[in-house]
Amino acid sequence: MGRETAFEAARELLLARGADTLEHPGGTLLAHLERVEARLADWGARDELRLAGLCHAFYGTDGFAESLLPLERRGLLAEAIGTEAEELVYFYAGCDRKISYPGLTDEDGLFRDRFTGETHPAARGRRKDFAELTAANELDVLRHNRELRTRYGGALLRLFTRWRSLLSEAAFTEARETLTLKGEEREAFLTGLERGDVVTGVVSHLASFHVTFVELGGVVGMMNIPEVSWGVYDFPGDVISEGQELPFEVLAVDLSRERIFLSLKSLEPDPLRAFARGGFGGVRTGRVTKRVPSGVFVLVADGVEAFVDHDDLDGRSPRPGDELTFEVTAVNVVTRRVRLALR
């Protein structure tokens, strides 16, 4: 079947099934479907995905119950648009979002078919098509319904940030431009935050200068490298990764510069306080984690490091991975200093 013939056949079938009479944000269902197909075309999607975008509501979806065609008549749609495009339509329509969305970027993530109840892994190419079609569909709905945009825009931007590895650059760029808060909405978001608030965010970028950027749902927050974890690490990427959705504590909000400063470690128990509370006397053994010109860092307990000055090494030159025997002589939880006496 030729390209134009397939699109014409799809539109004829949509009209025959009454898509032009069903209400939908922005007019009729047919108008919405045509806009979704046009957006996918603008993003450079291949014909099969565009056809799936034009026909994605034929079997209803997890968010739109109205069906244009019963599943037992799938052959009719396949005849009109081709087998591959029809399979994409079924895959999109059959998605159980609650089960499938969280693990969509995982190679072993499971996809649940809401029609059959079966759960199975999905190939990466199929998951990329699904993510692209989802973005095109949801962005069109939110562009034509301000109430839905206000209610769900932030959550969708976090979702698309989690799916960044599956989305085309064009799709993700439009999602970010469309759903980023501006003007009064942005001001209201910023002024509504207070120090100590716990917010949900998605790690959007691990910058080369060690600042982690976090998508909060229309506004991006910042997390400096010491705020990632109490544990021992060199770079944020040793602890977290882009696309992770996590809870963060708000440390401060700078309204003049529109910056939100976040922390992960503040939500976790401080290992230094636990170490001090549990007692630290006696002879211990620890591993050298880092060597610098002025001395070495030694891991004395999980998440607790001590610095040993070069002058206190008594002529020793330990390297990372070497073990040292010592006695902890003092712990200061304010300066976060642990003092050692080597044995």
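**Figure 1. Strands β13 and β14 run antiparallel in this predicted model.** Strand β13 covers residues 323-332, and six bridges join it to β14 in the antiparallel sense. To find one of these pairs, look for Val328, whose bridge partner in β14 is Leu340. The two strands form a hairpin with four residues between them. In that turn, Arg336 has a positive phi of about 60°. Now follow the side chains along β14: Val338, Leu340 and Leu342 point to one face and are buried. Arg337, Arg339 and Ala341 point to the other face and are not buried. This fits a general pattern, in which the side chains of a regular strand alternate between the two faces of the sheet.

**Figure 2. The hairpin belongs to an open sheet of five strands.** Reading across the sheet, the order is β12-β11-β10-β13-β14, with antiparallel pairing. Which strands stand at the edges? They are β12 (304-309) and β14 (337-342). Each has a single partner strand, so one side of each is left without a neighbour in the sheet. From one strand to the next, the twist averages 50°. Toward the β12 edge, strand β11 (residues 295-301) pairs with β12 over six bridges, again in the antiparallel sense. Val298 makes a handy landmark here, with Ala306 of β12 as its bridge partner. In general, strands of a sheet pair through backbone hydrogen bonds, either parallel or antiparallel.

**Figure 3. Strand β5 pairs with β8 and with β6.** Five bridges link β5 (residues 198-206) to β8 (residues 245-254), and the pairing is antiparallel. Val199 stands opposite Phe248 in β8. Strand β6 (residues 212-215) is joined to β5 by four bridges, and these two strands also run antiparallel. Here you can spot Val202 opposite Glu215 of β6. Five residues lie between the strands in the hairpin of β5 and β6, where His210 takes a positive phi near 75°.

**Figure 4. The largest nonpolar core gathers 59 residues.** Phe58, Leu77, Ile81, Phe130, Phe160 and Trp163 touch the most other members. Several helices each supply at least two residues of this core, among them α1 (3-16), α2 (29-42), α5 (83-94) and α8 (146-162). Which helix gives the largest share? That is α7, with eight residues. Trp163 is a good place to zoom in: leaving out residues up to four places away in sequence, Trp163 touches Tyr101, Leu104, Thr105, Phe130, Ala131 and Thr134. There is also a second, separate core of 18 residues, which includes Met223, Val228, Tyr233 and Leu262.

**Figure 5. Helix α4 has a buried face, while α3 is mostly covered.** In α4, the buried residues are Leu77, Ala80 and Ile81. Seen down the helix axis, these buried residues fall within an arc of 75°, so they line one face of α4. A general rule helps here: an α-helix has 3.6 residues a turn, so residues three or four places apart point the same way. On the other side of α4, Gly75 and Glu79 are exposed. After α4 comes Gly82, with a positive phi near 100°. Helix α3 has seven buried residues out of nine. Among them are Leu49, Leu51, Leu54 and Cys55, and also Arg50.

**Figure 6. Arg162 of helix α8 is buried.** Is Arg162 buried or exposed? Its relative accessibility is 17%, so Arg162 counts as buried, the cut-off being under 20%. A polar atom of the Arg162 side chain lies 3.3 Å from the backbone oxygen of Tyr101. Beyond residues up to four places away in sequence, Arg162 touches Tyr101, Pro102, Thr105, Val202, Gly243 and Glu245.

**Figure 7. Two neighbours in sequence, Glu177 and Thr178, both lie in helix α9.** Glu177 is exposed, with a relative accessible area of 54%, whereas Thr178 is buried at 11%. A polar atom of the Thr178 side chain lies 2.8 Å from the backbone oxygen of Glu174. Leaving aside neighbours within four places in sequence, Thr178 is in contact with Leu139, Arg143 and Arg149. For a sense of scale, Glu177 and Glu84 are 93 residues apart in sequence and 31 Å apart in space, C-alpha to C-alpha.

Note on methods. Residues numbered from 1 in each chain as written. Predicted model: local features only at pLDDT ≥ 70, side-chain atom pairs only at ≥ 80, totals over all residues. Heavy atoms only, no water. Core = buried A, V, L, I, M, F, W, Y, C linked by side-chain atoms within 4.5 Å. Buried < 20%, exposed > 50% of the residue type's maximum accessible area, 1.4 Å probe, protein only. Contact = heavy atoms within 4.5 Å. Pairing = 2+ DSSP bridges. Axes fitted to C-alpha atoms, helices over the stretch in contact; angles between N-to-C directions. Polar contact = N/O pair within 3.5 Å; in protein donor to acceptor, adjacent residues only side chain to side chain. Arc of directions from axis to C-beta.
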